[in-house]
Amino acid sequence: MKKSILKERAIKISFILPAMSVLILLTIYPLYLVIEMSLFDFQDYGNPVFSGIENYILVFKDSIFWIALRNTLLFTILSVTLVIITGMIFAILLNQKINQKVRSFFRSIVMFPWLLSSAVVGSIWVLLLSPFGLVNVILVNSGILESGIPWLSDERFALFGVILANVWRGFPFAMLMILAAFQTIPEDTLEAAEVDGATQLKRFFLISLPQIKGILLTVTTLELIWTFRTFDLIYIMTGGGPVNSTEILSTYVYFKAFQNLDFGFASAISIYMLIFMLIFAVFYVRAIIRRED
Amino acid sequence: MKLKPLSIYVCLTLGTLLILSPIIWMFLISIRDNVDVFRLPLQIIPDEPNIQAYIQIFNNSDMFQLFINSYIIALSVTCICVLFAALAGFGLSRFSYKGKKYLVIYTLLTQMFPMVLLAIPYFLVISSLGLYNSYIALIIAYTSFALPFAILMMRDFMNSIPRELDDAAKIDGCGLYRTFFSVILPPSLPGLIAMAIYTFILAWNEYLFAIVLTQNNNARPLTVGIGMLMGEFTTEWNQLMALSILGSLPLIIVFLFIQRYFLQGLTSGSVK
């Protein structure tokens, strides 16, 4: 009898064992390595010397770290705000009373940018934003600008150029989630409000918006997390330049680690990034725990 | 908010065109000569459209190799994830384990790791194992960060499959594995497809680990190839755009064919 219980338990564990061992081996062990490396001085690459928390202090004294942190926050907050607003606008449009086939047609082609790789998105936008690219041609021809602006090689505009590309690529996911949430709102609730004489705006803010509050919070948190750790789009479009104006934490870690080979310093920054992410994550995880219980 | 039908269609069409315009532009650039890319006045539709850029790509065996690499890597990652995540999703949905809650939270947390944080130890470990610049290096890396979301997606999907099915199978004398493969797996197909596409897109599009873990065309995926075409001194924009289109086409085609499952699977877990 006891043997069969043990056997059953073994079978049950065998279902999650492969995935969980992969996850633990491929995330916990590397995390341990990063923490270990962050405690070493890699000035002499061949012989790392134990240096305690020195790297963590050096990071705080590094002026580019602060620029990268500021850019990361600016990039994240602006991107996520615009992603949610754009996603909301398209979700509202697609949630109107229209033919079901037309709805799914538009919904799927608006998803296209989300399918593209950062390399593709980056190259399209580098071309569009180049001094003689389409964006400048349109702005000059319509009389808004006198001459084209080299958006991505001008310190003042480069960050906004990458944000634009990032929003274009990212908003379809938000749209999809918000639209799915809209469609769970019972039709008669809205109709009842209409009968009671609530205006369109009132119905939206007092009925629709509160109903999708939960999903909106989830999407915003996910977008914050994903945007905060962006690397490839910026690496491809500007490489962090010009003059660090688009340097974000992840590109800075990359350059420190793989160009300067200063693995200790780079590891310390990435640990700071992880701590920052965990602060975002607390809200998300709390909501999940509530659902688990 | 409600708008009048005609104005909805006008807004939708204009909005969608605006969103798609970079992609349309990508195509219009790919069918012109490179000298015409920046020629003023800018031609929206090239005077003499041609497919030279595509021909040049097809004649270049290096480019072809990049496609092969991307397919091998992305398909391997997808297969591994489908198998492991389906098993784990079933386990997490049906049984209780000690510390299951923490397992789920940990799975969620791994989603939040900054990728660059993992890139440093991966580079060192993969190099010391002699796997640098190999398919296996990228397959391992991509599996580790596609798997968490895949597991959660499968668990949510299997939660929606009635437990009566399990009970009926048990009464019929099926073991757990038999129950899993012949009773639970078939109705999970939409979820599995959604998860497989998600994993494939993720693996096909990844960039950071591809530049950190590969060195040359033996293992380098397409995304790196696209990035490198751009880094060259004079950019062949028409070829770059043609390559981008060819590289995105597999995803768009797969997406269009099975988008119904995909969108369902993607939203089913989170919209509750």
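**A predicted two-chain helical model and its interface**

A convenient place to start is A:Val243, which is found in the loop between α12 (232-237) and α13 of chain A; helices here are DSSP runs of H or I with at least four residues, strands are runs of E with at least two, and both are numbered from the N terminus. This is a predicted model, in which local features need pLDDT of at least 70 and side-chain atom pairs count only at pLDDT 80 or more, while totals for chains, interfaces and linings use all residues. Residues are numbered from 1 along each chain as its sequence is written, and chains are lettered from A and ligands numbered from 1 in the order in which they are written.

The backbone of this loop deserves a look. Most residues other than glycine have a negative phi. A:Val243, however, has a positive phi near 45°, and A:Asn244 also has a positive value, near 60°. A:Asn244 is likewise placed in the loop between α12 and α13 of chain A. A:Val243 is exposed, because 10 other C-beta atoms lie within 10 Å, whereas A:Asn244 counts as partly exposed, with 17 C-beta neighbours inside 10 Å. In these terms, with C-beta atoms placed from the backbone, a residue is buried if 20 or more other C-beta atoms lie within 10 Å of its own, exposed if 12 or fewer, and partly exposed in between.

Elsewhere in chain A, A:Leu82 lies in helix α3 (residues 63-94). A:Leu82 is partly exposed, as 18 other C-beta atoms are found within 10 Å. Its C-alpha atom is separated by 14 Å from that of A:Trp226, a residue 144 positions away along the chain.

Turning to the partner, chain B contains twelve helices and zero strands. The C-alpha trace of chain B spans about 75 × 65 × 30 Å along its principal axes, and 44% of its 272 residues count as buried. Of the contacts in chain B between residues at least 6 apart in sequence, 77% join residues at least 24 apart; a contact requires C-beta atoms, placed from the backbone, to lie within 7 Å. The average pLDDT of chain B, the predictor's confidence in each residue on a scale from 0 to 100, is 86, and 94% of the residues score at least 70. Within chain B, confidence is lowest in helix α4 (residues 100-110), with a mean of 81, and highest in helix α10 (residues 208-213), at 94. The model as a whole scores ipTM 0.87 and pTM 0.89.

The two chains meet through 72 residues from chain A and 77 residues from chain B. On the side of chain A that touches chain B, the largest share, 15 residues, comes from helix α1 (residues 2-38) of chain A. That side divides into 56 nonpolar, twelve polar and four charged residues, where Ala, Val, Leu, Ile, Met, Phe, Trp, Tyr, Cys and Pro count as nonpolar, Asp, Glu, Lys and Arg as charged, and the others, Gly among them, as polar.

One helix pair illustrates the contact. The axes of helix α13 (residues 249-258) of chain A and helix α5 (residues 115-128) of chain B come within 9 Å and cross at roughly 15°. α13(A) is therefore roughly parallel to α5(B), a description given to angles under 35 degrees. Axes are lines fitted to C-alpha atoms, for helices over the stretch in contact, with angles from 0 to 180 degrees between N-to-C directions. In this pair, A:Ser250, A:Val253, A:Tyr254 and A:Ala257 meet B:Met115, B:Val116 and B:Ile120. By class, this contact has six nonpolar, one polar and no charged residues.

Notes. Parallel < 35°, antiparallel > 145°, perpendicular 65-115°, else oblique.
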